[in-house]
Amino acid sequence: MLMWIIILALLLIGLGLIIVELVFIPGTTVVGLLGLIFTITGVVISYSHFGNDVGFYVLMGTMVATLVSLFYSFRSGAWSRFSLKSSNNSKVNEGILSDLHIGDEGVTISTLRPIGKAEFHEQIFEVKTLGNYIEQGQRVRITQIYSNQIVVEPIN
C-alpha cells in the first residue's frame, strides 16, 4: 500500500510540474524536466515493484491522465485568470513637456550616465546627455526636446 502512495505521489507531482511548465512558465524547461523525471520515476518504480503488467497499466494511465489534463488546461481557459491581459503603453515624460523649452536651465537630481533625472521649474524629468557624464547637483541647459526625450548639456 505504501508503494502505491509513493508511485501516485510521484506521478501527481510530475504531472503537476509538467502542467505548470506548459501553462504558467513556458520556456524555463527546469520545471518541465523535473516533472518528467518525477513521472518517469513513478512509472519505473511501478514496473520494478509490481511487474510488467501493472507497470504497463500505470504507464498508459499516466499518459491518458497527462493528455486529458493538458487538454482540459488549455481548452477550458481555467488558467486565463492568471495571465497578463493589460500592457503599459505610456512613455517617459509623456504629456508633461509643454512647460519645457530649449534653453531652460535646471539642476541634476541624479548623476547623468548619460541618463538620469533633473529638475526644471520645480518638476523632475528624466533627461539624457549626448554621452557626457554629469554629476549630481550640476546646472544643465536643455538643448533638444524630441519624442518625449529631453537632451541637456552642462552649464560651465
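Okay, to kick off: which residue forms a salt bridge with E105, with the closest N and O atoms 3.6 Å apart? That's R141. The pair links distant parts of the chain, with R141 in strand β4 and E105 in strand β1, 36 residues apart. Before I go on, keep in mind that what you're looking at is a predicted model.

So, staying with the charged residues. The structure has 3 salt bridges. Another one joins R139 to E105, and there the closest N and O atoms sit 3.1 Å apart. R139 is in β4 and E105 is in β1, which covers residues 105-108, so this pair ties together parts that are 34 residues apart in sequence. Then there's E153 with R141, at 3.6 Å, N to O. E153 belongs to β5 and R141 to β4, so here the parts being tied together are 12 residues apart in sequence.

Put those together and you get a network of salt bridges linking E105, R139, R141 and E153. And how accessible are they? R139 counts as partly exposed because its relative accessibility is 39%, and E105 is partly exposed too, with a relative accessible area of 39%. R141 comes in at 28%, so partly exposed again, and E153 is partly exposed at 34%.

Now the nonpolar side of things. The largest nonpolar core has 12 residues in all, among them L97, L112, F120, F125, I142 and V152. Strands β2 (115-120), β3 (123-128), β4 (139-146) and β5 (149-154) each supply at least two residues of that core.

Right, over to the helices. Helix α3 runs over residues 52-75, so to speak a 24-residue stretch, and reaches 34 Å from its first C-alpha to its last, close to the 34 Å expected at 1.5 Å a residue. Its buried residues are G55, V58, T62, T66, L70 and S73. Look at the spacing with this in mind: an α-helix has 3.6 residues a turn, so residues three or four places apart point the same way. As for partners, the buried residues of α3 pack against α1 (2-24) and α2 (30-50).

One residue to zoom in on is T39, which is found in α2. T39 counts as buried because its relative accessibility is 11%, and the cut-off is under 20%. Where does its side chain go? The T39 side chain reaches the backbone oxygen of G35 at 2.8 Å. Leaving out residues up to four places away in sequence, T39 touches L10, L11, G14, L15, I18 and T62. And T62 is one of those buried α3 residues I just listed.

Conventions. Residues numbered from 1 in each chain as written. Predicted model: local features only at pLDDT ≥ 70, side-chain atom pairs only at ≥ 80, totals over all residues. Heavy atoms only, no water. Helix = DSSP H or I, 4+ residues; strand = E, 2+ residues; numbered from the N terminus. Expected span 1.5 Å × (residues − 1). Buried < 20%, exposed > 50% of the residue type's maximum accessible area, 1.4 Å probe, protein only. Contact = heavy atoms within 4.5 Å. Core = buried A, V, L, I, M, F, W, Y, C linked by side-chain atoms within 4.5 Å. Polar contact = N/O pair within 3.5 Å; in protein donor to acceptor, adjacent residues only side chain to side chain. Salt bridge = Lys/Arg side-chain N within 4 Å of Asp/Glu carboxyl O.
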